Amino acid sequence: MVKQVVTQAVKQTNAAGELTHLLTLEGMPKEQIVQILDTAQQFVSVTDPAREVKKVPLLRGKSVFNLFFENSTRTRTTFEIAANRLSADVINLDISTSSTAKGESLIDTIDNLIAMQADILVVRHNVSRAPMEIAQHVPTFVHVINAGDGSHQHPTQGLLDMYTMRHFKHDFRNLKVAIIGDIVHSRVAKSNIHALTTLGCPEIRVIGPESLLPSDLDMLGVKVFHEMEAGLKGVDVVMTLRIQKERMEQGQVPEGNAFFKQFGLTQARLALAKPDAIVMHPGPMNRGVEIESAVADGPQSVILQQVTFGIAVRMAVMSMVAGN
Ligand code: NCD
């Protein structure tokens with residue numbers, strides 16, 4: 001287990017400014033985000049269902065190790081699909097049956113994977129900054145991709161969300177984006193706020209109860225709302241989030257029904273946003289808690305497109321860190 005939080009910034013680019021790890025979207029330059037989105041756009045054609053061979057040889061002979069210390073459906077699977085489409089070999093570690101359960105330290109596990117000639121380590125961990133600690137430890141020929149660390153960052157989710165917004169809304173410069181719910185525990189919200197700010201989004205709103213909002217939002221230039229009605233008015237993008245019970249103390253968890261009453265995304269509330277607003281959710285969804293089914297499955301929902309775009313975005317990131 002990682003016990004210490006590493007406060008030192010870890011570099012994710014080399015001397016030439018090329019991406020060598022993907023750890024955070026905080027501080028990532030605009031050109032680099034755009035480069036990843038543009039690269040992903042090229043990979044969308046590789047993943048086109050009409051294409052007979054959905055593969056390119058960019059990572060042939062390289063090994064991608066999926067190391068998920070927390071549950072995952074979409075992220076882990078789309079990393080695996082993306083690695084396969086790049087012709088890499090993929091090894092999925094089953095943490096519940098690995099030696100972590102026997103008390104092996106994280107760094108010892110990592111050293112063993114390096115000894116197995118890993119090229120890319122895709123890491124999800126409940127401890128914030130664990131992937132940064134790993135990146136600091138590995139030799140230069142091993143690349144670390146953060147697949148979600150605690151409540152800190154989820155950079156590939158942030159990037160696929162940017163890809164989705166750009167796809168449907170084209171330009172960030174006139175966009176109003178509302179993020180709803182458990183922001184304080186959400187690494188997805190943090191990565192989105194950093195990326196949207198860098199891409200020039202003029203209005204980022206968060207909507208939620210005081211207890212679920214971080215205290216530094218003003219510093220980030222985000223507008224805070226405690227009521228759905230005011231917060232949703234006139235927005236182009238509505239993103240709602242799951243309540244992250246696993247990161248809360250007992251007694252802190254809001255009651256589902258009461259939350260839905262105040263902050264649930266219903267059709268009536270969505271009608272306050274622009275008529276062509278899109279609805280996003282990183283998944284997993286809790287229907288009837290943060291979103292009602294009519295909205296999740298409705299015509300404005302792009303929730304499943306987000307998942308599909310995630311493949312191309314993860315292909316872009318892996319090919320950029322290890323394909324140079
Ligand atoms: C999110 C995560 O794990 O941070 N899911 C995802 O990766 N698509 C959000 C969540 O768990 O609620």
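**Cavity, pocket and ligand site**

In the predicted model, the lining of the largest cavity is made up of four nonpolar, six polar and two charged residues. This cavity encloses about 70 Å³ of space, and a search of the whole structure finds one cavity of 30 Å³ or more. The lining consists of Arg74, Thr75, Thr78, Gln157, Leu160, His281, Pro282, Ile303, Gln306, Val307, Gly310 and Arg314. Three helices, α2, α5 (155-169) and α11 (303-322), each provide at least two of the lining residues. The greatest contribution to the lining of the largest cavity comes from α11, which supplies five residues.

The largest pocket was examined next. About 410 Å³ of space lies within the largest pocket. Its lining comprises 21 residues, of which Asn71, Arg124, Arg242, Gly283 and Pro284 are the closest to the centre of the pocket. Two or more residues of this lining are given by each of the elements α2 (74-85) and α6 (187-198). Thus α2 takes part in the lining of the largest pocket as well as in that of the largest cavity. By class, the pocket lining contains four nonpolar, ten polar and seven charged residues.

The ligand occupies the largest pocket. Around the ligand stand Thr75, Arg124, His154, Gln157, Arg187, Val188, Arg242, Gln244, Pro282, Gly283 and Pro284. This shell is composed of three nonpolar, five polar and three charged residues. Among the residues around the ligand, Arg124, Arg242, Gly283 and Pro284 also belong to the group closest to the centre of the largest pocket. Thr75, Gln157 and Pro282 are likewise found around the ligand, and these three residues also line the largest cavity.

Contacts between polar side-chain atoms and the ligand were then considered for three residues of the shell. In His154, a polar side-chain atom lies 2.7 Å from an oxygen atom of the ligand. For Thr75, the distance from a polar side-chain atom to an oxygen atom of the ligand is 2.9 Å. Arg124 likewise places a polar side-chain atom 2.9 Å from an oxygen atom of the ligand. On its own, the ligand has 320 Å² of accessible area, and the protein covers 94% of that area.

Two of these contact residues also appear in the descriptions of the internal spaces. Thr75 contributes to the lining of the largest cavity, whereas Arg124 is listed with the residues closest to the centre of the largest pocket.

Terms used. Residues are numbered from 1 along each chain as its sequence is written. This is a predicted model: local features need pLDDT of at least 70, side-chain atom pairs count only at pLDDT 80 or more; totals for chains, interfaces and linings use all residues. Side-chain values use heavy atoms; hydrogens and water are left out. A residue is near a molecule or strand if one of its heavy atoms lies within 4 Å of it. A polar contact is a pair of N or O atoms within 3.5 Å; within protein, one must be able to donate a hydrogen and the other to accept it, and residues adjacent in sequence count only if both atoms are side-chain atoms. Accessible areas come from the Shrake-Rupley method with a 1.4 Å probe; for residues, only the protein chains shown count as cover. On a 1 Å grid over the protein atoms alone, a cavity is a set of points where a 1.4 Å probe fits but cannot get out, and a pocket is an open set with protein on both sides within 12 Å along at least five of seven lines; lining residues have an atom within 4 Å of a point. A molecule sits in a cavity or pocket if more than half of its atoms lie within 2 Å of its grid points. Ala, Val, Leu, Ile, Met, Phe, Trp, Tyr, Cys and Pro count as nonpolar, Asp, Glu, Lys and Arg as charged, and the others, Gly among them, as polar. Grid points are joined across faces, edges and corners, and a volume is the space filled by probe spheres set on the points. Helices (H or I, at least four residues) and strands (E, at least two) are DSSP runs, numbered from the N terminus.
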